[in-house]
Amino acid sequence: MKENEGTIQPQKGRRGLWIILSVVAIVVIILVAGALTNWFGLAGTPPIQLNGAGSSFAFPLMSAWSTQYKALTGVQINYQGTGSGAGISAIIAKNLDFGGTDATLNTTQHTQNPSLLTIPESLGAVTVAYNVPGVPAHINLTGPIIANIYLGLITKWDDGSIAAINSGVAFPSTSIFVEYRSDSSGTTFVFTDYLSKVSSQFATQVGKGKLVAWPVGSGAPQNQGVANAVKGQTGAIGYVELAYVVQNSMSYAKVKNAARNYILPDLNSTAAAAASAAGSLPAGNGDWSQVSITNATGATSYPISTFTYILVYQELNVYPSGMTQAKAQALVAFLWWAVHTGQTTAASLTYAPLPAAVVTQDEATIHTITFNGEPLPT
Amino acid sequence: MAFPFRRDARRARLHPTGSSWGDALFRAGSGAAGVAILVLLGLIAIVLALNAFPSLRTFGPGFLASSEWNPVTNQFGALPFIYGTVVTSALALLLGVPISLGIAIFVSELAPASIRVPLTYVVELLAAVPSVVYGLWGIYVLVPLLAGYVAPALQGSLGFLPIFQGAIYGTNLFTAGVILAIMIIPTVSAVTRDALTAVPQNQREAALSLGATRWESIRIGVLSYARSGIFGAVMLGLGRAFGETMAVTMVIGNRNAISVSWFAPAQTLSSIIANSAREGVAGSLELGAIVELGLVLMLVALLINVFARLMVWRFLGKQEGGLE
């Protein structure tokens, strides 16, 4: 402080002025350069870009699709895993060409936006992962037991109800540390939807939603955050999308389904859950709020399975920022590709391929998309 | 760090070097920049209040006293987050202020110049570390360390206190408090050092000439003299702890409930906003409640900062008067 006394000099002021002038000059140069690039860039045909965002559950699949589709057609797909809630908000605000979500539009959102189409695009499973040393990689659990753990009613791993369905397994008397998603999450929606179906106490005390009031436990953001939290805490339990437990080589439970079988989450058991619901899906522009493939019937269905959806407008010339015939055509072509060729990529990333009946329904929905009232050929 | 500029500016006005169009232009330009900040702050407050309106209308002042935060039933109350913010900030001050004071006293009173300069740089470097880096370090180093060794030790020795009871979660109030303590050290120690350096030399000399020891001279001559400046420094640290978001969100465990235990997960005003900001649909009660939390946070942070700046400026201003 003292060294600064009386150091103010006119020269110093002028130096400051020079700094300001040079900053202004740099900004001007950047702006001019940007304008020039833009001007010259217009000489060539700009590549078509389709912007999507939403479900982080679907993000790994969307990234893979984006790379493949760019190589195939030159169309650039930009997808950000901002979370299902954000995806729905952004497509309703017409800030995106398509939205991604694991949770369907609720009835209010559907009524206010009747022209938004719901297109099931892939299938996923929510696993119940745990970190209990000395216990096998796939213990048996039931929906009511999981609900009671998340309600704080079962607090120790050696609880009688857990031991009773895992004969021969010696559980330690470790406390159960409950982990959940702290951000708005389609994964949470699917998990709470399932628990609300199998436990009336969970339904009344917590309910289903992308964000809920958990009575116990601690929260971490994103699927990877919950996976890390479970790995880092002995005695922890958490719900994570299948791809993440496989990548992190974690232990995850077999869950008892509606047909009373203990089912390990994998591609086949997820597809089985979707197949059992495929016949009863609403039309693409219908109300999907009641659609759920959790606790599905079928002997081999994994009970915590979900569709993930793409949301698009039925009539595409509705964007205040503008939409061209070519871009609308590219969007329809991409959707068609995603539900057909794209499904083979899905399997390699642990997303189960859509059952044939659902693909047929998606085809019908995609055929209803129009630009200025004219249908777009697929 | 802003203080020398302020004093220089005042001197420049007292001794004008002559007038020119350049000065007038510069004055108008910088004046406009100053006004722009006020306008910006006003606009932010207005937009927050407008967006918070659904929640303000539905819950009224009861919003601050309700501990229910349930997006499923549309019941929203801020109490758990106010509690989490207050406890983590208090913990940060409890752990961070003594260390900061020690650094400031050592740097300004005791350290030889060869140590003083590098030490000052290192402490100020702490302030330049992005908070997400503190968060990462918190998750991978601090959480296992505290949950594995420190927390069990505290529970073993002081377990009769309710704040040290219960299951030890890795991410909890205590971890958040420790991270915040580290994060406020640069602010508090730098401003305290400025306050101590501004104490006139004759204060120290007078105490020493009366036969005081080094410690006594620092206590009587320097610390008590710089009291209000130190207090201001602590308040600035509190302001930083109050608003810190990223690092806290990563280590606090994000549970929307009030727990007496420091080893239980919790949530602060800023961490709940960071967690649920993406959820709100425009015009919904939920978004209103989230924005209202932002409004509460901004008002409290503003009050703390204004109060702290006033304390520091009044102290340093008094010293400047003494020097001239």
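This is a short selection tour through two chains of a predicted model.

Residues count from 1 along each chain as its sequence is written, while chains are lettered from A and ligands numbered from 1 in the order in which they are written. Because the model is predicted, local features need pLDDT of at least 70 and side-chain atom pairs count only at pLDDT 80 or more, whereas totals for chains, interfaces and linings use all residues.

**Stop 1: chain B, whole**

Select chain B. Its C-alpha atoms fill a box of roughly 65 × 60 × 30 Å along the principal axes. Colour by secondary structure: 12 helices and two strands appear. Helices (H or I, at least four residues) and strands (E, at least two) are DSSP runs, numbered from the N terminus. The order from the N terminus is α-α-β-β-α-α-α-α-α-α-α-α-α-α. Of the 324 residues, 42% are buried. Buried means 20 or more other C-beta atoms within 10 Å of a residue's own; exposed means 12 or fewer, partly exposed lies in between, and C-beta atoms are placed from the backbone.

**Stop 2: B:G232**

Select helix α9 of chain B, residues 227-243, and find B:G232 in it. Why does B:G232 count as buried? Because 26 other C-beta atoms lie within 10 Å. Now show its contacts (C-beta atoms, placed from the backbone, within 7 Å). Leaving aside neighbours within four places in sequence, these are B:V191, B:A308, B:M311, B:V312 and B:F315. Add B:W313: it is 81 residues away along the chain, yet the two C-alpha atoms are separated by 8.7 Å.

**Stop 3: β1 and β2 of chain A**

Move to chain A and select β1 (residues 49-54) with β2, residues 76-80. The two strands pair (at least two DSSP bridges). Here the sense is parallel, over five bridges. One partner couple to label is A:L50 and A:I77. Which face of β2(A) is covered? The one with A:I77 and A:Y79; A:Q76, A:N78 and A:Q80 make the uncovered face. Side chains in a regular strand alternate between the two faces of the sheet.

Add helix α2, residues 59-73: with β1(A) and β2(A) it makes a right-handed β-α-β unit. Right-handed means that, with the strands pointing away from the viewer, the path from the first strand over the helix to the second runs clockwise.

**Stop 4: β6 of chain A**

Select residues 177-181, strand β6(A); five of its five residues are buried. A:F177, A:E179 and A:R181 point one way, A:V178 and A:Y180 the other. β6(A) pairs in the parallel sense with β8(A), residues 236-241, over three bridges. It also pairs in the parallel sense with β7(A), residues 218-220, over three bridges. Finish on A:E179, which stands opposite A:G238 in β8(A) and opposite A:S218 in β7(A).

Notes. Contact = placed C-beta atoms within 7 Å.
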